Amino acid sequence: MKNVSPVVRGWLFFAIGFIVAYSIGIGLVFVASGSLVYSHLVTWILASFAGATAYSWGASGFSQLTKGLVWLGLGALAGFALGLVVELVVQGSLNWVAPIASLFALLFGFTGFFLGVAGNNAVSKGLISQISGTLIGAIFVTVIRVLMGLEWKGPFIFTEPAWVLGAFFGVLFFLAGNGSVSDWFKWARGIDTPEHHEEHYSGWEKYLNVSLDHKVIGVQYTITALLLISIGGLFALVFRTELAASQLQFLTTDMKLFGQNGPQLYNTFMSLHGMIMIVSILLGVAGIMNYVVPLLLGAQDMAFPRLNAFSFWLAVPAAVLLLMSLILGGFDTGWTGYPPLSAKAPLGIQMFFLGVFTAGWSSILGALNIIATVIRMRSKGMIAMRMPIFVWAAVATSIISLTATQLIGLSFQLVMFQRLFGMGFFDPAKGGNPVLFQHLFWFYSHPAVYVFVLPGLGVISELLPVFARKPLFGYRWVAMSSLGIALVGFVVWAHHMFTSGMNEYLRLPFMYSTLLVAIPTGVKFFSWVATLWKGKIVFPTPMLFVLGAIVVFLLGGLTGPPNATVSVDLHLHDTYFIVGHFHDTIFGGFVFPFFAALYYWFPKATGRRMNETLGKIHFWLMTPSFFILTFGMMRIGLLGMRRRIADYDPGLGFDATHLVLTIAGYLIGLSVLIFIYNFFNSIKNGDKAEGNVWNSRSPEWQVPSPMPMHNYDQPFEVVGEPYDYGLPGSQYVEFAAPAKSKHN
Amino acid sequence: MRHFIIVGILVIVMAILTYVGLDVAGIATQMHPIAASLQSVSIDWLWNREIIAISFLFALIIVPMTYSLIVFRRRKGETGDGEHFEGNTTLEITWTVLPLFAVLAFAYMGAYSLGEINRVDPDALVIKVKAQQFTWTFEYPEYEIVSKELHLPVDQQVVLKMESGDVIHSFWVPEFRVKQDVVPGRVTEYRITPTLVGDYKVRCAELCGASHYSMENLVIVNTQADYDAWIAEQRAIAAASQTPEGRGQLLTVKNGCIGCHSVDGSKLVGPSWQGIDGSTRDFADGTSAIADDAYIIESIRNPQAREVTGFSPSSMPPYTLTDEEIANIIAYIKTLK
């Protein structure tokens with residue numbers, strides 16, 4: 001075995017691990033259900049996991065990753081066993097598919113992974129605290145209920161109120177336990193803490209611990225976003241597979257997992273795909289803004305470094321809560337959670353509400369920080385009209401997050417209270433109004449779309465001049481169009497409700513306001529085209545993604561106005577046309593620019609470049625697949641394919657299209673896998689890139705990569721326009737002596 | 001200047017090609033499926049205008065962009081930057097103001113089209129619609145008919161007065177184009193004039209729970225003669241059904257029971273009723289019982305009391321029916337051997 005290459009040995013181990021675990025899985029299913037099932041989901045998950053662990057062991061020996069995976073497995077097993085015991089004690093019967101066992105397996109597995117990878121760190125401490133907090137809160141309520149003589153056990157061991165308080169405690173315990181609030185506690189007790197913590201951790205372990213450095217937090221946000229994108233994408237592939245042909249294939253009414261049958265599970269996956277992707281986008285946006293904005297401004301850090309860390313760490317328990325909702329009965333409402341359906345949904349909806357509530361909390365605080373940073377911490381000479389254009393986009397986005405996010409939290413909280421305390425906010429039998437919820441919900445959730453896309457459009461405007469080698473056409477207009485979109489975005493929410501039964505006459509003003517969004521958006525497109533005109537255009541991977549973003553966002557933008565005109569929308573609403581349309585806007589406005597930004601700023605963070613060939617394969621695989629996916633979606637939507645259905649009428653003749661869509665979905669998944677491999681492999685093995693790799697005028701590229709600990713050693717002064725490419729002798733920033741930069 | 005002329009020509013060519021392409025894909029001149037209502041005329045008309053605008057705008061951005069990428073690319077061995085120009089205020093004002101007019105034009109057309117489809121015929125036929133998880137029930141108040149198929153006479157405006165007993169649903173017949181949510185606690189109206197005889201389906205368009213996908217009922221547009229014949233037939237059936245079994249069957253339609261419980265043995269959300277009377281029921285907790293009258297009464301009034309293996313009782317709300325009504329339903333179930 002000594003002279004076999006690690007990869008071959010890895011795959012050999014993979015095969016052995018896979019086969020062994022697969023056999024064990026079949027045996028377990030046989031014991032539990034008394035029949036031989038070869039394609040049980042659990043068997044596949046078990047076997048794939050064992051295979052991956054064995055691969056890691058074979059390829060890299062007993063490394064930290066291998067250790068983490070082994071601990072993950074052990075934790076999951078221990079959790080599962082504990083769950084079975086709890087179920088046996090409380091319910092009096094052994095239930096192999098008890099959700100509580102799956103839940104403990106998930107939580108203990110996660111915790112085990114982080115313990116195994118790096119021993120005691122902020123993530124594992126947080127997770128252990130979250131589990132403890134959840135149990136303490138739940139037991140607290142249970143004890144009170146026992147004392148009051150109320151029913152104390154439910155289908156998921158604890159009752160719903162017990163789970164809700166437990167989940168809320170879990171979030172607070174996570175933050176208290178992992179150390180992200182310890183400085184504030186010290187201040188409260190009169191103890192001073194240093195402005196900048198010395199880094200106790202070297203290398204990648206600092207990313208698993210609480211850091212106040214905006215660059216570390218930016219990377220933490222980004223990696224968490226990538227993780228959630230992978231999970232959300234995996235969910236999409238699960239239900240995309242079910243949709244590949246009409247009739248229910250594997251999510252049947254007979255199957256049962258996490259206390260749900262097939263169609264219920266379909267709805268849970270579909271709903272969680274939506275919300276997990278939204279949260280991952282919020283985190284991705286926060287990641288890019290956190291990393292880049294202070295660098296572009298010439299600041300040492302964000303305005304409130306502790307609040308910054310706190311905002312990030314809030315997102316972790318939020319993500320855990322979202323995953324818990326899958327196991328605790330799921331929910332069948334879609335990400336919109338409309339009552340009365342959400343008022344009747346299983347327990348999972350409460351975990352979902354709390355998860356979104358917590359993620360929203362993180363988003364609000366992050367936005368506050370960005371606005372304060374941009375207002376107070378610009379370097380000398382950086383007047384508003386000389387800020388890098390991405391900063392304008394970040395400000396516009398943050399204004400929305402800061403002021404609108406409360407509404408989604410509020411609307412979900414009201415449903416939560418309706419369920420817990422019988423307050424009939426949206427219950428017509430108690431004088432409530434279900435349509436009111438939709439107004440509150442969309443007041444955030446429409447502007448939220450601009451939270452997703454404005455930073456992406458900012459990335460396009462920021463990178464385009466670098467690769468076109470020309471000034472950004474109409475800088476002021478592009479900057480103002482971001483603000484324009486943000487402001488108009490506040491008064492268009494009811495276009496999601498044209499069929500809802502709200503006042504008929506209200507539909508007209510919302511049609512006008514919605515169509516108005518086209519104008520500032522159009523300004524951006526025309527300016528981008530004019531920026532390319534007579535440039536000297538180069539095409540490295542980030543530029544490909546920028547161009548892809550423009551085309552995809554164009555398709556999303558052009559398919560928008562038909563939904564705004566009321567009468568046409570009466571047909572299009574709640575169909576796959578909408579699904580295709582918004583995937584275009586989100587991919588064009590976030591996913592493509594996000595990838596562009598990662599390829600572009602990767603060398604700044606690591607001092608190495610990502611592999612160009614793999615990057616191009618990623619682009620040329622993802623883009624056509626994506627066009628096929630959304631065009632197919634829009635076409636069958638027009639023909640009568642509804643949204644959010646687990647199965648469709650074979651008489652509609654959509655089988656062939658759906659099969660193509662599923663294949664396209666898998667190809668996108670494959671391209672993202674290639675990206676993830678490229679990303680992590682390049683951190684270690686990428687080509688060195690310590691200088692101004694893109695030949696950019698932007699200040700962060702005038703100093704060596706990776707970025708020094710406290711950003712710029714010398715402060716800089718803004719002495720010119722940011723994008724004066726092609727103007728000889730011009731300069732954007734000038735560093736205080738001694739000039740460290742080599743400027744073109 | 002040469003660049004502008006070439007691009008201008010290409011934009012026009014591309015716009016035409018895009019429109020033709022969408023037409024070949026069958027989605028330019030009308031939204032498919034086939035239009036079967038008067039309301040769809042003005043909707044498809046507006047859609048077609050929008051497709052023309054989309055084709056032109058698509059070409060207007062894509063052509064100069066692609067042209068730049070090819071003609072203004074950095075060639076091998078070239079260095080240096082592009083031409084230095086920072087903007088053009090006249091141009092910016094132009095592409096702000098011209099789209100503003102386009103927006104106003106489309107908003108006007110949209111309002112006009114909405115007015116067209118909302119046009120009220122005072123003689124419209126009124127039908128009551130009840131939506132519930134996971135079926136539709138149609139009541140013709142003039143004739144005291146209750147049906148799970150919606151029959152409509154052609155070329156006659158109908159207004160559906162829709163109510164929901166549980167969650168939000170949405171009434172959508174793709175061929176009619178229009179859709180309208182059905183909201184608990186209020187009556188919403190859906191106004192349509194079918195113009196094409198044929199069989200269609202109403203498909204619930206607002207996510208309403210686990211079996212939302214299966215919430216589809218037949219909608220049949222008849223000629224006036226066929227419609228009258230159907231009404232007469234239904235009235236005869238209703239008159240003949242003045243037995244307990246007959247009343248029971250009507251109750252199961254009216255309360256939507258058969259949306260989840262089949263009468264022919266096929267498996268829906270809940271157990272089928274065929275042969276259920278007197279059979280042995282196995283429960284998830286391992287116990288079992290004989291399905292007698294007391295068991296059926298319990299299953300209607302308190303569905304969550306016992307969980308039949310393979311089904312989730314949480315999908316079924318408790319029903320408050322009178323003793324007599326339940327007796328009728330049991331009489332009907334007993335006929336399903």
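**Exercise 1. Helix α3 of chain A**

Task: In this predicted model, establish which elements are included in what covers the buried residues of α3(A), and describe the helix itself.

Solution.
Step 1. The cover over the buried residues of α3(A) includes α2 (41-60) and α4 (99-118) of chain A.
Step 2. The residues that receive this cover are T66(A), K67(A), L69(A), W71(A), L72(A), G73(A), G75(A), A76(A), G79(A), F80(A), G83(A) and E87(A). Each of them has at least 20 other C-beta atoms within 10 Å, the cut-off for a buried residue.
Step 3. The helix covers residues 64-91, 28 residues in total. From first C-alpha to last it reaches 39 Å, close to the 40 Å expected at 1.5 Å a residue.
Step 4. Just after α3(A) comes G92(A), whose phi is positive, at about 80 degrees.

**Exercise 2. Overall form of the two chains**

Task: Decide from the radius of gyration whether chain A is compact or spread out, and do likewise for chain B.

Solution.
Step 1. Chain A contains 23 helices and four strands. Its radius of gyration is 26 Å, and the globule rule gives 27 Å for 744 residues; the two values are close, so chain A is as compact as a globular protein of that length.
Step 2. The box that holds the C-alpha atoms of chain A, taken along the principal axes, is roughly 80 × 70 × 60 Å. Of the 744 residues in chain A, 62% are buried. Among contacts in chain A with a separation of 6 or more, 78% involve residues 24 or more positions apart.
Step 3. Chain B contains seven helices and 12 strands. Here the radius of gyration is 29 Å, well over the 20 Å from the globule rule for 337 residues, so chain B is more spread out than a compact globule.
Step 4. The C-alpha trace of chain B spans about 90 × 55 × 35 Å along its principal axes. Buried residues account for 36% of the 337 residues in chain B. Of the contacts in chain B between residues at least 6 apart in sequence, 65% join residues at least 24 apart.

**Exercise 3. Domains of chain B**

Task: State into which domains chain B is divided, and characterise the contact of domain 1 with domain 2.

Solution.
Step 1. The division gives domain 1 (2-73 + 88-117), domain 2 (125-240) and domain 3 (244-334) of chain B. Domain 1 is thus written as two segments.
Step 2. Between the C-alpha centres of domain 1 and domain 2 of chain B the separation is 36 Å.
Step 3. The contact involves 10 residues of domain 1 of chain B and 13 residues of domain 2 of chain B. On the domain 1 side, α2(B) supplies the largest share, four residues. That side has seven nonpolar, three polar and no charged residues.

**Exercise 4. The contact of the chains**

Task: How many residues does each chain give to the contact, and which elements of chain B give two or more residues to its side?

Solution.
Step 1. Chain B gives 72 residues and chain A gives 73 residues.
Step 2. On the side of chain B that touches chain A, the elements with two or more residues are α2 (38-71), α3 (89-117) and β7 (179-182) of chain B.
Step 3. Sorted by class, this side of chain B has 36 nonpolar, 19 polar and 17 charged residues.

**Exercise 5. Backbone geometry**

Task: Locate the cis peptide bonds that end at P340(A) and F134(B), then determine whether Q247(A) is buried or exposed and whether R177(B) is buried or exposed.

Solution.
Step 1. The bond from P339(A) to P340(A) is cis, with omega near 5 degrees. P340(A) belongs to the loop between α10 (305-327) and α11 (341-344) of chain A.
Step 2. Q133(B) and F134(B) are also joined by a cis peptide bond, with omega about 0 degrees. F134(B) sits in the loop between β1 (125-132) and β2 (135-140) of chain B.
Step 3. Q247(A), a residue other than glycine, has a positive phi near 75 degrees. Its place is the loop between α8 (214-243) and α9 (262-297) of chain A. With 10 other C-beta atoms within 10 Å, Q247(A) is exposed.
Step 4. R177(B), likewise not a glycine, has a positive phi of about 75 degrees. The loop between β6 (169-172) and β7 of chain B holds R177(B). With 27 other C-beta atoms within 10 Å, R177(B) is buried.

Methods: Residues numbered from 1 in each chain as written. Chains lettered and ligands numbered in written order. Predicted model: local features only at pLDDT ≥ 70, side-chain atom pairs only at ≥ 80, totals over all residues. Contact = placed C-beta atoms within 7 Å. Nonpolar A, V, L, I, M, F, W, Y, C, P; charged D, E, K, R; others polar. Domains from an automatic or database assignment. Buried ≥ 20, exposed ≤ 12 C-beta atoms within 10 Å, placed from the backbone. Rg over C-alpha atoms; globule rule 2.2 N^0.38 Å. Expected span 1.5 Å × (residues − 1).
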